[in-house]
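User: I'm new to reading structures, and I'd like to know where the labels come from. Could you walk me through this one?

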Amino acid sequence: MANSVVVHSREHQPVVFTQEELGWLPWLEPLAEAELTERHWAALVDRSRAKSAYFRLLARDPEILEARTRTDKDIFYNTADGLPRAERELAAAATSRINGCLYCASVHARFASVHSKRRMDVQRMLDEGRGADLGARWNAIVRAAAALTSTPIAFAESHLQELRSVGLDDADIVDVINGAAFFNWANRLMLSLGEPTTLAGA
Amino acid sequence: MDVINLLAGIEPGSGLDGIRSRRLQARDHAQKSYLALFEPADFGDFAAADRYALAAFVAAIHREPAASSFYFLKLAEVEDRPHWLAALKAEIERAETEGPYGAFPAGPLSAEDKAGLIYQVANENRRVVGGGLAAALEHAHLLIFHPRDATSAAVQALCEAGWSSDAIVTLSQLVAFLSFQIRTAAGLKILGLSLGRQTSDTAAAGEGAERNHG
């Protein structure tokens with residue numbers, strides 16, 4: 001056989017959703033840092049991403065990696081207008097909670113906490129999932145993210161009405177849609193190409 | 001042609017098109033992602049027909065008719081054997097279910113484990129579409145409906161069906177990207193319909209006011 005997977009011990013597998021730092025272990029061999037060409041470096045966008053096994057594995061297809069990275073950055077980091085960062089991260093964390101991506105949830109719950117200063121509410125969402133009561137505005141965002149995460153997609157006019165009733169305008173709603181949809185992409189990569197570990201350095 | 005706008009029914013120059021353009025990088029790179037996966041300069045060892053067949057399958061099991069028609073048209077450009085297309089359509093019917101479901105790591109979260117369909121391509125259809133695409137359809141179903149059940153064994157099954165590490169990364173990106181593209185279009189379509197109703201309500205109210213003045 002030309003290729004086969006790398007199997008890891010389950011000893012350090014996380015079993016609950018957490019805001020602590022986790023590591024991630026790839027099931028296929030990432031490219032080595034020494035192998036990276038200019039095309040790979042361009043695809044990584046930020047050179048620091050070469051330290052991550054996840055991004056060096058995705059670098060096996062640099063065209064889609066670069067387009068994906070630039071999509072990601074604009075959805076989450078373009079704060080010229082639209083939904084506050086904290087609530088974009090909440091949509092990402094809620095999507096990850098529902099799909100079951102412990103690694104993605106840990107990163108984006110942490111970001112949601114940092115930007116909102118509502119660490120306890122974020123933890124309640126991680127502990128209780130989509131039913132957690134986080135106040136009307138966050139409940140509306142989590143419910144919209146959950147509806148967008150269902151297959152078939154359950155997002156409907158009622159979700160728009162709820163988002164508008166708690167003060168989101170159309171541009172804010174586009175940020176919720178983008179954020180939840182993007183994490184349906186990210187979760188499936190992280191869940192299907194490797195696994196989380198409680199060893200944060202990995 | 002921006003594929004998300006096409007699937008969501010967003011007209012160039014409309015209000016929603018204007019809102020989308022506030023995230024110009026995201027919009028342009030969502031489109032570039034589509035091009036990288038479906039119109040690459042080099043398809044490598046992941047053939048165009050397999051990419052379009054997977055996309056048609058993924059869109060159809062989301063039960064999103066616009067996306068499904070779009071990718072079936074792409075597929076028809078490169079694959080027109082009726083028995084082959086019939087096998088794919090038969091598999092779509094066999095694959096339909098509702099997600100996300102699956103098991104969490106054993107522990108406190110096990111209370112939330114939810115059982116669901118573990119999809120396998122039927123033998124008679126596997127013979128028609130080939131072992132490589134059949135393995136990819138099974139993997140796509142896992143990722144779409146129960147991604148938290150993904151294991152290294154699922155990746156190993158792809159290796160054994162002849163998928164290279166590079167092609168497995170592209171396959172994962174393709175299925176995961178479609179989850180994004182289809183959701184973005186579905187969400188924007190609902191928003192666009194709602195804005196359209198608001199616009200026509202406003203216009204109707206305006207006409208009514210004019211008549212009152214007249």
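Analyst: Happy to. Keep in mind that this is a predicted model. Start with burial: buried residues make up 51% of the 202 residues in chain A. In chain B, 44% of the 214 residues are buried.

User: What makes a residue such as A:Met120 buried or exposed?

Analyst: You count the other C-beta atoms within 10 Å, and 12 or fewer means exposed. A:Met120 has 8 of them, so it is exposed. You'll find A:Met120 in helix H6 of chain A. Its C-alpha atom is 9.6 Å from that of A:Leu134, which sits 14 residues away along the chain.

User: OK, what is chain A built from?

Analyst: Nine helices and two strands. Going from the N terminus, the order is β-α-α-α-α-α-α-α-α-α-β.

User: How do you know how compact chain A is for its length?

Analyst: Compare two numbers. The radius of gyration of chain A is 17 Å, and the globule rule gives 17 Å for 202 residues, so chain A is as compact as a globular protein of that length. Its C-alpha atoms fill a box of roughly 55 × 35 × 35 Å along the principal axes. As for contacts between residues at least 6 apart in sequence, 66% of those in chain A join residues at least 24 apart.

User: And what does chain B look like in helices and strands?

Analyst: Chain B has ten helices and zero strands, so to speak a run of α-α-α-α-α-α-α-α-α-α along the sequence. The box for its C-alpha atoms is roughly 75 × 50 × 35 Å. Of the chain B contacts with a separation of 6 or more, 71% are between residues 24 or more positions apart.

User: Why are H4(A) and H6(A) called roughly parallel?

Analyst: Look at the angle. The axes of H4 (residues 85-99) and H6 (residues 119-128) of chain A cross at roughly 20° and come within 9 Å. Angles under 35 degrees count as roughly parallel, and therefore this pair gets that name. The crossing is right-handed. On the H4(A) side the contact uses A:Ala93, A:Ala94 and A:Arg97, while H6(A) brings A:Val122, A:Met125 and A:Leu126. Sorted by class, that contact has five nonpolar, no polar and one charged residues.

User: Then what makes H3(A) oblique to H9(A)?

Analyst: Same trick, another angle. H3 (residues 62-77) and H9 (residues 170-193) of chain A have axes that cross at roughly 140° and come within 10 Å. Roughly antiparallel needs an angle over 145, and roughly perpendicular covers 65 to 115. The value of roughly 140° fits neither range, so H3(A) is oblique to H9(A). This crossing is left-handed. A:Thr71, A:Asp72, A:Ile75 and A:Phe76 of H3(A) meet A:Asn178, A:Gly179 and A:Phe182 of H9(A). The contact has three nonpolar, three polar and one charged residues.

User: How many residues do chain A and chain B put into their contact?

Analyst: Chain A gives 57 residues and chain B gives 58. On the chain A side, H2 (53-58), H3, H4, H7 (136-149), H8 (157-165) and H9 each supply at least two residues. The largest share, 17 residues, comes from H9(A). By class, the chain A side has 32 nonpolar, 14 polar and eleven charged residues.

User: Which backbone spots are out of the ordinary?

Analyst: Most residues other than glycine have a negative phi, and most peptide bonds are trans. A:Val45, in the loop between H1 (38-44) and H2 of chain A, has a positive phi of about 65°. B:Arg63 has one of about 55°, in the loop between H4 (48-61) and H5 (65-78) of chain B. A cis peptide bond joins A:Thr151 and A:Pro152, with omega about -5°, and another joins B:Gly99 and B:Pro100, with omega about 0°. A:Pro152 is in the loop between H7 and H8 of chain A.

User: Why are A:Val45 and B:Arg63 called partly exposed?

Analyst: Buried takes 20 or more C-beta neighbours, exposed takes 12 or fewer, and partly exposed is in between. A:Val45 has 16 within 10 Å, so it is partly exposed. B:Arg63 has 14, so it is partly exposed too.

Note on methods. Residues are numbered from 1 along each chain as its sequence is written. Chains are lettered from A and ligands numbered from 1 in the order in which they are written. This is a predicted model: local features need pLDDT of at least 70, side-chain atom pairs count only at pLDDT 80 or more; totals for chains, interfaces and linings use all residues. Helices (H or I, at least four residues) and strands (E, at least two) are DSSP runs, numbered from the N terminus. The radius of gyration is taken over C-alpha atoms; the globule rule is 2.2 Å times the number of residues to the power 0.38. Two residues are in contact if their C-beta atoms, placed from the backbone, lie within 7 Å. Axes are lines fitted to C-alpha atoms, for helices over the stretch in contact, and angles run from 0 to 180 degrees between N-to-C directions. A crossing is left-handed if the near helix is turned anticlockwise from the far one by less than a right angle, and right-handed if clockwise. Ala, Val, Leu, Ile, Met, Phe, Trp, Tyr, Cys and Pro count as nonpolar, Asp, Glu, Lys and Arg as charged, and the others, Gly among them, as polar.
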